[in-house]
Protein chains: 2
Amino acid sequence: MLMIVCDGMSDRPAKDFDRKTPLQAARKPAMDAVARHGVNGVMDVIAPGVVPGSDTAHLALFGYDPYKAYSGRGPIEAAGAGLEVRKGDVAFRCNFATVDKSMSVTDRRAGRIKSGTAELAKALSGRKIGDVQVMFKEGSEHRGVLLLRGPGLDPRVTDADPHHEGKVLESKGLVPEAEKTARVVNEFVRMSHVVLDKSPVNKDRRAEGLPPANIVLPRGAGSLGELEPMPRMYGVKCAAVAGVTLVRGICRMVGMDVLDVPGATGGLDTDYKAKGDAAMRALDSHDFVFMNVKACDVAGHDGDFRLKVQVIESIDSMLEGMLRDLHEDVVVVLTADHSTPVSVRDHSADPVPVAISGGGARIDHVKEFDEMSVASGALGRIRGKDLMPTVMGVADRAKKFGA
Amino acid sequence: MLMIVCDGMSDRPAKDFDRKTPLQAARKPAMDAVARHGVNGVMDVIAPGVVPGSDTAHLALFGYDPYKAYSGRGPIEAAGAGLEVRKGDVAFRCNFATVDKSMSVTDRRAGRIKSGTAELAKALSGRKIGDVQVMFKEGSEHRGVLLLRGPGLDPRVTDADPHHEGKVLESKGLVPEAEKTARVVNEFVRMSHVVLDKSPVNKDRRAEGLPPANIVLPRGAGSLGELEPMPRMYGVKCAAVAGVTLVRGICRMVGMDVLDVPGATGGLDTDYKAKGDAAMRALDSHDFVFMNVKACDVAGHDGDFRLKVQVIESIDSMLEGMLRDLHEDVVVVLTADHSTPVSVRDHSADPVPVAISGGGARIDHVKEFDEMSVASGALGRIRGKDLMPTVMGVADRAKKFGA
C-alpha cells in the first residue's frame, strides 16, 4: 500500500481562473491515471464543516478518531523531536526566550537563536522535580519540547508563555487534578532561568550583543490518548516519507518507521525525485508506505494559484515515475489532508478528493482527479477515519466481523 | 447566509404524471440556477429511514442532534406561543375541553372554541402549586400551552388528556423522580376545572348552547435539552422568516430573531413577495437568515400533484426576485425539511435535495434542482445535522480543529 497525501492540495473554484480549481487547471496525467484505474470519491477528513489542522487530519487519515487521540500539540511536537511519548506523560511546545531581571519577557524567540540550543537543552534535560522526570529537547531555531514523566500528571494546565512581551505567567491547573503539573511547570520555568542565564552559550551571545536565551516558556500542554500503534492495529509494517516536523512527529507516534530523505525539506524546494525514490525503496521492506508532500499547502497559504498548479504538476511528474515501476497489486491512495484554497490562504472545511487504485480496487467512470470529477465516483463521500480501513479492505487485509 | 427550507417539497415519482416528481415537473429557473452555480447532494434530515417531524427536522437543519435536543413537543409549542422556556421547565401542549359533572370528557375541543380563550388562560396563569410556578398561554382555537417552573420537575409523566371522550386521566410519573410533576399536573387539571367552570366566558357559552371550555387537558410533556443558542454556537446573528407557529417556536428556542411579516401565513395563501422582501432586508442586519415556506407541505398532505407544482413555481418566482439582488458572496442554501409525497399524503423518510451556492461553494456538474439530479452532485449524501457546519464552512466561518 502506498498512500500519497498532498498537503492542502484540495481547493475551490477560482474566480480569476475560469472558476477552475488548481487541480482542474493543472496537467496531471499520473494523478488522472490513478483516478481512471480506480475508485473515487470525496472525503471529510474530520467531519463536514470542520476545518482540519494538519495534526488532527493525519491522525484521521491513519484511522484514529482525532477527537479521542488528540489533546494539544505538545506530544506530537515531542515525538517529532525524537522523544518517546508514553501514556501519562505531559508534553509542551516551548520557546527559548529572553527575560530581563524582573522576569519580564523582552524577546519571545531570543533573537531567533540559531545555534547553541542543543547545549542549552542538555543542561535542562535529565533533571527531576520532586518525583517528576524532566526531558527537554531543542527543535529548530528558538523552539524546543518539554516532556514530563511521573505519577499524577495532567495536561489541563495554562501556558507559562505569555504569547507576547511582558511578565512570564504562572501556569495554573484548570482542574484540581492538574495542580501538581502546574507546580512542576512553574518550578521548571524558574529552574530554566537559573541554569540558562549563567550558561557559556549566553555569555557568548551577550558578548556578541545578542539577546540571551535565558528562559524556557512552555505552552500547548497535551498528553497522548490511548493510541494503538498502526502496525499492531492493522498488522502491517509502516514507513513514512515526510519533511515537515509535525507530520514526522505524528508518524513516529503511530509507530511508523520515519525515513530520512536527504533533500526532502517539506518546502517548495523539496527534492521530489528523492522522495519518490525513497518511498519506492520503502515498499520493498514495508507493507504500508505513507508519503506527505507539503508544497501545495505552502502555495495555498501564499494565495498563489499559478504556483499551486506548478507544484501539482511537479508532484505529478514524481508520481508518473513511481507508477511506471509499481506492480499493479500495490494499492495506491491519492488524497489530501485538507483544502488550502488560494482564495482563503488558510485551511478550509471543504472535503478533499480521494482516489484508490491497484490491488482489489473497483474501477468507476471517473477519468480525472479533481474535487468535482471524483465526487460522482463509486466511493461516494467518506470520513477520514474510514480511509485506512477502506484501503486495508482493498488490499485484502481487512478483518472479518462475524462468521 | 440565506437558508430557504421549502417544507415538504421533496417527493417521489408520481405514476400519473410520467413518473416525475413535482420538482421534476415544475418550471423553476431560479432553483435550477442555485443548483447550476453551486454544489448539490441529497440529505437524510434525521437518518436514513427515519421520517422527520417538522420539529425534529428543523432542529437537525439548525445543527442540533434531534435525539438529544428533542424531548416532546411541549417546549416547542410553548416557545412558539411566546413563553420563554428555561432549562428545568416542563411544558405541555393542552386542549381546552368540556367535562360533565362526573369529570368525563364530552368534547375534547370544547366545540372548537374560537374566542374567549385569552380570558380563560389569564385566569389560570400566574398561579403557584406548592413551589411550582404555573404559566399558561392560549393558542389557536381550543389549543394552549402549560409551562411549569420550579425545583425537581421531570417531564417523564403520562398525559392527563385521555385522547378521546371518557374519564380525565390521572397523570402518573413514569419514574420516581417525576412523581412530583405528575402531582402538580393533576392539581392543575382540578384547579382548571374549578376556575374555568364558573368563568363568565363559559356562562355566555352555555347561554348560547355551546359546550363550556371548563377544563384543560395537558399532554406531550417535555423539557429542553442542553440547547446552545445558534448565535453562540456559530458566532452569527440569526433571523427567521416563518409563518407556522411550530417552526417559529423552534427558531425562537434556538435564539433567532423571529420576524413578523404581514401576509406571511404559513398557508397556500401566503404572500411570497412579502416573505422574500423580509428575508432580503434581514440579510442587511443578520449573518444568517432562515426562511421556511410551508405551502408545498400543504399540497403534499392534500395529495395534489398539480397544486404542488404550482406552489413550487410560485416559490421559484419569489426566489428569482431574491437572487437578482443577492451579492455573490452570500451563501444560498436551498432544501426541504422532509419529503411529503403526494402519493403518501404524509411525511416520508425519503432524503431531500440540497443545493449550496455562493460564497466559497464549489461548482459541480448538476444543472437542475430535483431529487434525482442533485444526487450525483459533489456534496454527496449528508445528514441534516451536518448541513449547518457545511454552510459555515462554505461561508468561511468554520472552526479549525488542531493546528
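The following paragraphs lead from the whole assembly to chain A, its domains, one strand, and finally a helix of chain B.

The structure is a predicted model, in which local features need pLDDT of at least 70 and side-chain atom pairs count only at pLDDT 80 or more, while totals for chains, interfaces and linings use all residues. Residues are numbered from 1 along each chain as its sequence is written, and chains are lettered from A and ligands numbered from 1 in the order in which they are written.

Consider first how the copies are arranged. A turn of 123° with a shift of 0.2 Å along the axis lays chain A on chain B with an RMSD of 0.4 Å; the superposition is by least squares on the C-alpha atoms of residues with pLDDT of at least 70 in both copies. The two copies are therefore related as by a three-fold rotation axis. The surfaces that they use are different, since 10% of the contact residues of chain A recur in chain B. Here two residues are in contact if their C-beta atoms, placed from the backbone, lie within 7 Å. In chain A, the residue that comes closest to the rotation axis is A:S376, with its C-alpha at 3.1 Å.

Chain A as a whole comes next. Its C-alpha trace spans about 70 × 55 × 40 Å along the principal axes. The radius of gyration of chain A is 23 Å, which agrees with the value near 22 Å for a compact globule of 403 residues; this radius is taken over C-alpha atoms, and the globule rule is 2.2 Å times the number of residues to the power 0.38. Chain A contains 14 helices and 16 strands, which are DSSP runs numbered from the N terminus (helices: H or I, at least four residues; strands: E, at least two). Of its 403 residues, 57% count as buried. A residue is buried if 20 or more other C-beta atoms lie within 10 Å of its own, exposed if 12 or fewer, and partly exposed in between, with C-beta atoms placed from the backbone.

An automatic or database domain assignment divides chain A into domain 1 (2-70 + 228-394) and domain 2 (76-222). Their centres, taken over C-alpha atoms, are separated by 35 Å. Eight residues from domain 1 of chain A and five residues from domain 2 of chain A take part in the contact. On the side of domain 1, helix α10 (residues 245-253) of chain A gives the most, with seven residues.

Within chain A, strand β8 (residues 143-149) is largely enclosed by the rest of the structure, because five of its seven residues are buried. Strands pair if DSSP finds at least two bridges between them. Strand β4 (residues 90-99) of chain A runs antiparallel to β8(A) and is joined to it by six bridges, with A:A91 opposite A:L147. Strand β7 (residues 132-138) of chain A is also antiparallel to β8(A), again with six bridges, and A:Q133 stands opposite A:R149. β7(A) and β8(A) form a hairpin with four residues between them, and A:E141 in the turn has a positive phi of about 50°.

In chain B, helix α10 (residues 245-253) is mostly covered, as eight of its nine residues are buried. Among them are B:L246, B:I250 and B:M253. The buried residues of α10(B) pack against several elements of chain B, including α3 (54-61), α5 (74-80) and β12 (288-293). Just after α10(B), B:G255 takes a positive phi of about 90°.
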